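Work through the exercises below with the coordinates open. Each task is followed by its solution in steps.

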Amino acid sequence: MTITIYHNPRCSKSRQALQLIGEHGQQARVINYLDTPPSHAELEHILQLLGLEPRELMRRKEAEYAELGLDNPALSRAALIDAMVRHPRLIERPIVISGQRAVIGRPPEKVLELL
């Protein structure tokens with residue numbers, strides 16, 4: 001089973017999650033999502049796997065969240081997902097996917113649920 005991690009190498013939690021995957025003998029396909037953001041369709045799929053709504057996957061303390069007015073309850077699901085595609089720093093990290101299951105690696109030990 002292929003393990004995919006949406007990774008930010010500058011994030012300690014993301015680095016720890018990647019390290020845990022390796023320590024358990026698994027090879028991960030690493031996507032540096034700040035350089036290669038997921039598409040709208042990919043984010044829809046990730047949200048489905050996580051069982052989350054778009055705002056639940058957003059880093060609400062990032063400046064872009066306030067600057068873009070993303071706390072507006074009138075914004076549609078599609079608008080929130082589009083904001084994450086255009087501003088990938090808003091996406092919580094790391095996201096680890098294995099088959100039809102996914103977790104957010106906060107804390108990093110959550111990835112062990114997939115291994």
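**Exercise 1.** In this predicted model, state which kind of contact the side chains of Arg59 and Glu62 form, and classify Arg59 and Glu62 by accessibility.

Solution.
1. Arg59 and Glu62 are joined by a salt bridge between their side chains, with an N to O distance of 3.2 Å.
2. The cut-off for buried is under 20% relative accessible area.
3. Arg59 has 18% relative accessibility and therefore counts as buried.
4. Glu62, at 16%, is buried by the criterion as well.

**Exercise 2.** Find the distance between the closest N and O atoms of Glu92 and Arg59, and say which parts the pair ties together.

Solution.
1. The closest N and O atoms of the Glu92–Arg59 salt bridge are 3.0 Å apart.
2. Glu92 sits in the loop between helix H4 (77-86) and strand S3 (95-98), while Arg59 sits in the loop between helix H2 (40-50) and helix H3 (63-67), so the salt bridge links parts 33 residues apart in sequence.
3. Both Glu92 and Arg59 are buried.

**Exercise 3.** Describe the contact between Glu113 and Lys110, then decide whether Glu113 is buried, partly exposed or exposed, and do likewise for Lys110.

Solution.
1. A salt bridge connects the side chains of Glu113 and Lys110 at 3.4 Å, N to O.
2. Partly exposed covers the range between under 20% and over 50%.
3. Glu113, with a relative accessible area of 47%, is partly exposed.
4. Lys110 is partly exposed at 31%.

**Exercise 4.** Which residues do salt bridges with shared partners join into one network, and how many salt bridges does the structure hold?

Solution.
1. The network consists of Arg59, Glu62, Glu64, Arg89, Glu92 and Arg106.
2. The structure holds 8 salt bridges.

Methods
Residues are numbered from 1 along each chain as its sequence is written. This is a predicted model: local features need pLDDT of at least 70, side-chain atom pairs count only at pLDDT 80 or more; totals for chains, interfaces and linings use all residues. Side-chain values use heavy atoms; hydrogens and water are left out. A salt bridge is a side-chain nitrogen of Lys or Arg within 4 Å of a carboxyl oxygen of Asp or Glu. Buried means under 20% relative accessible area, exposed over 50%, partly exposed in between (1.4 Å probe, protein chains only). Helices (H or I, at least four residues) and strands (E, at least two) are DSSP runs, numbered from the N terminus.
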